[in-house]
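Here are some worked exercises for you to try with the structure open beside you. Take each task on your own before reading its solution.

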Amino acid sequence: MLDSGQVVFWGQVAGDGTGTILPSGWSSSALGTGEYRVTHNLATASYAVMIMPIGGADAYLSSAVGSNSFDYQTQALAGG
């Protein structure tokens, strides 16, 4: 359960790094094959990231959070 003052943001990033659905003021880009950055305006690193690949082709590997962005990596599944 969220405490008072906590919110959930969600979005969708395409395989080419394009943000297809993102909160206002956020952007995304591909850093390399399977590497992405989402830039936001939260001005804090006190948050968690949850990535859920859709379409069954990739698996989420890791993320690194910063005060104005987070990076994450995915890897293609064998046979995906």
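A residue counts as buried when its relative accessible area is under 20%, as exposed when that area is over 50%, and as partly exposed in between. Keep in mind throughout that the model is predicted.

**Exercise 1. Get an overview of the chain: how many helices and strands does the secondary structure contain?**

Step 1. The chain has zero helices and six strands, which gives the pattern β-β-β-β-β-β along the sequence.

Step 2. For the overall dimensions, the C-alpha trace spans about 45 × 25 × 20 Å along its principal axes. The accessible surface of the chain is about 5500 Å², and carbon and sulfur atoms account for 53% of it.

Step 3. Of the 80 residues in the chain, 18% are buried. Among contacts with a separation of 6 or more, 26% join residues that are 24 or more positions apart.

**Exercise 2. Classify the pair formed by F9 and W26, then decide for each ring: buried, partly exposed or exposed?**

Step 1. A search of the whole structure returns four aromatic pairs. In one of them, F9 and W26 lie 5.3 Å apart centre to centre, with 40 degrees between the planes. Stacked needs planes under 30 degrees apart and edge-to-face needs over 60, so this pair is tilted.

Step 2. Now place the two residues on the chain. F9 sits in the segment before β1 (12-13), whereas W26 belongs to the loop between β2 (19-21) and β3 (27-32); the pair links distant parts of the chain, 17 residues apart.

Step 3. W26 has 15% relative accessibility, so it is buried. F9, at 43%, is partly exposed.

**Exercise 3. Do the same for Y36 and Y72: what kind of pair do the rings form?**

Step 1. The ring centres of Y36 and Y72 are 5.2 Å apart and the planes meet at 25 degrees, so the pair is stacked.

Step 2. Y36 lies in strand β4 (residues 35-39) and Y72 in strand β6, 36 residues apart, so here too distant parts of the chain are linked.

Step 3. Both rings belong to buried residues: Y36 has a relative accessible area of 7%, and Y72 has 8%.

Step 4. Widen the view. Y36 and Y72 join Y47 and F70 in one aromatic cluster.

**Exercise 4. Trace the largest nonpolar core: which residues make it up?**

Step 1. The core has seven residues: W26, Y36, V38, V49, I51, F70 and Y72.

Step 2. The elements giving two or more residues to this core are β4 and β6.

Step 3. Look at V49 in particular. Leaving out residues up to four places away in sequence, V49 touches Y60, S63, V65 and F70.

**Exercise 5. Follow the hairpin of β5 and β6: which residue is the bridge partner of Y60?**

Step 1. Strand β5 (residues 58-65) pairs with strand β6 (residues 69-76) in the antiparallel sense, over seven bridges. The two strands form a hairpin, with three residues between them.

Step 2. The bridge partner of Y60 is T74, a residue of strand β6.

Step 3. T74 has 14% relative accessibility and therefore counts as buried.

Step 4. To see what surrounds T74, leave out residues up to four places away in sequence: T74 then touches G34, Y36, D58, A59, Y60 and L61. The bridge partner Y60 is thus one of the residues in contact with T74.

Note on methods: Residues are numbered from 1 along each chain as its sequence is written. This is a predicted model: local features need pLDDT of at least 70, side-chain atom pairs count only at pLDDT 80 or more; totals for chains, interfaces and linings use all residues. Side-chain values use heavy atoms; hydrogens and water are left out. Two strands pair if DSSP finds at least two bridges between them. Helices (H or I, at least four residues) and strands (E, at least two) are DSSP runs, numbered from the N terminus. Rings of Phe, Tyr and Trp (its six-membered ring) pair if their centres lie within 6.5 Å; planes under 30 degrees apart count as stacked, over 60 as edge-to-face and the rest as tilted. Buried means under 20% relative accessible area, exposed over 50%, partly exposed in between (1.4 Å probe, protein chains only). Contact means heavy atoms within 4.5 Å. Accessible areas come from the Shrake-Rupley method with a 1.4 Å probe; for residues, only the protein chains shown count as cover. A nonpolar core is a set of buried Ala, Val, Leu, Ile, Met, Phe, Trp, Tyr and Cys residues joined through side-chain atoms within 4.5 Å.
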